[in-house]
Amino acid sequence: MHLIQGIKLKNDQCLICGHSKIRDLFTAKDHGISQENFIISECLNCKFQFTKNPPVESKIGPYYEATKYISHTEESPNFINKLYFYIRDFMFVEKYKIIRKYNSSNNFLDIGCGLAHFLNFVKSKNNNVTGIEKIESTANIARSKFQIEILPPEFLLENKLKEKYDVITMWHVLEHLYNPKEYINAIKKLFNHESILIIAVPNQNSTDAIKYSEFWAGYDVPRHLWHFNPINITSWVEQFGFKHLATHRLPFDAFYVSILSEKYRGSKFATLRGMFNGLVSYLKSISNIQKTSSLIYVFKLNSNE
Ligand SMILES: [Zn+2]
């Protein structure tokens, strides 16, 4: 077994600021899969939130049961899943436009590529694409469906990737990682001077997160280990020698997350209520990007790195 398989999070220290004064905020339930409860902790110094005592990495597999975890499934049997897939395809175009504002080169690496739908879209635009995916069965489906090179995380973490990449993306991946520092350090070694790093994560300070609190679907315990907001994620990534260039909205996540949150809360007419509250969150995010349900952060290397 590889070393990284058994990571137990030592989260008695804040990932962002290193402080050890931590308090328990509330209990959140894994509504999606296990129905188990997990505590959300908060750093008293910088207010960063994270999941307290998640399962060790070698035991997290069952919490991702492929048939139930939407980003790892091809099935779309209900309204929410259909909405998810429709918006996902629309957002590929939007995400690609954002990337092209900052980099026009062609070598893409997508970390945590899942079934590689995004990479397949990027490949269709005449780019070279490589994926990193930890779950071998998912990687195998993607390889045979799209003929894309997909490698396990060891290739990244043990510096076995020999080329540089122009665009490195992590779409809703960082919040799942047991060793995020190792990933960011490894990514840095794959950069040239023009490369960009794109990180998308849920926003713990969004309108929908504040409204739903422990029922907020963006907590997604225990799969989400870290619950970032716009201030702490940018300051954390910049600690590694990156420069934050820009933040962009992922406007439609508010709807999907609000509908799920209403279901978790046991509301009647959860889909309707979720659509309404998603709309409220969406509208607020237009005037205040910091309140958006999920955000895309763009980074470059500092010029002195
Ligand atoms: Zn802190």
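Helices here are DSSP runs of H or I with at least four residues, and strands are runs of E with at least two, numbered from the N terminus. By that count, the protein has nine helices and 11 strands. Welcome to this structure, which is a predicted model. The notes below start with the whole chain and then visit one helix and one strand.

**The overall fold**
- A compact globule of 305 residues would have a radius of gyration near 19 Å, and the protein agrees with this, because its own value is 18 Å.
- The C-alpha trace extends over about 50 × 45 × 45 Å along the principal axes.
- Of the 305 residues, 39% are buried.
- Among contacts with a separation of 6 or more, 69% join residues that are 24 or more positions apart.

**Helix α9, a helix with two sides**
- Helix α9 takes in residues 270–287, which makes 18 residues.
- At 1.5 Å a residue, α9 should span 26 Å, and its end C-alpha atoms are indeed 26 Å apart, so expectation and model agree.
- Which residues of α9 are buried? They are Gly-274, Asn-277, Gly-278, Ser-281, Tyr-282 and Ser-285.
- These buried residues cover an arc of only 150° around the axis, so they sit on the same side of α9.
- As background, an α-helix has 3.6 residues a turn, so residues three or four places apart point the same way.
- Turn to the other side of α9 and you will find Leu-272, Leu-283, Ile-286 and Ser-287, which are exposed.
- What do the buried residues of α9 pack against? Their partners are α6 (207–212), β10 (242–249) and α8 (253–264).

**Strand β4 and its neighbours**
- Strand β4 covers residues 107–111, and four of its five residues are buried, so the rest of the structure largely encloses it.
- β4 runs parallel to strand β5 (residues 128–132), and five bridges join the two.
- To find this pairing in the model, look for Asn-107, which stands opposite Asn-128 in β5.
- Together with helix α2 (residues 117–123), β4 and β5 form a right-handed β-α-β unit.
- β4 also pairs with strand β7 (residues 165–171), again in the parallel sense, over three bridges.
- Where does Asp-110 find its bridge partner in β7? That partner is Thr-169.

**What to take away**
- α9 has its buried residues on the same side, with exposed residues such as Leu-272 on the other side.
- β4 pairs in parallel with β5 and with β7.

Note on methods: Residues are numbered from 1 along each chain as its sequence is written. This is a predicted model: local features need pLDDT of at least 70, side-chain atom pairs count only at pLDDT 80 or more; totals for chains, interfaces and linings use all residues. The radius of gyration is taken over C-alpha atoms; the globule rule is 2.2 Å times the number of residues to the power 0.38. A residue is buried if 20 or more other C-beta atoms lie within 10 Å of its own, exposed if 12 or fewer, and partly exposed in between; C-beta atoms are placed from the backbone. Two residues are in contact if their C-beta atoms, placed from the backbone, lie within 7 Å. The expected span of a helix is 1.5 Å times one less than its number of residues. The arc is that of the directions from the helix axis to the C-beta atoms. Two strands pair if DSSP finds at least two bridges between them. A crossover is right-handed if, with the strands pointing away from the viewer, the path from the first strand over the helix to the second runs clockwise.
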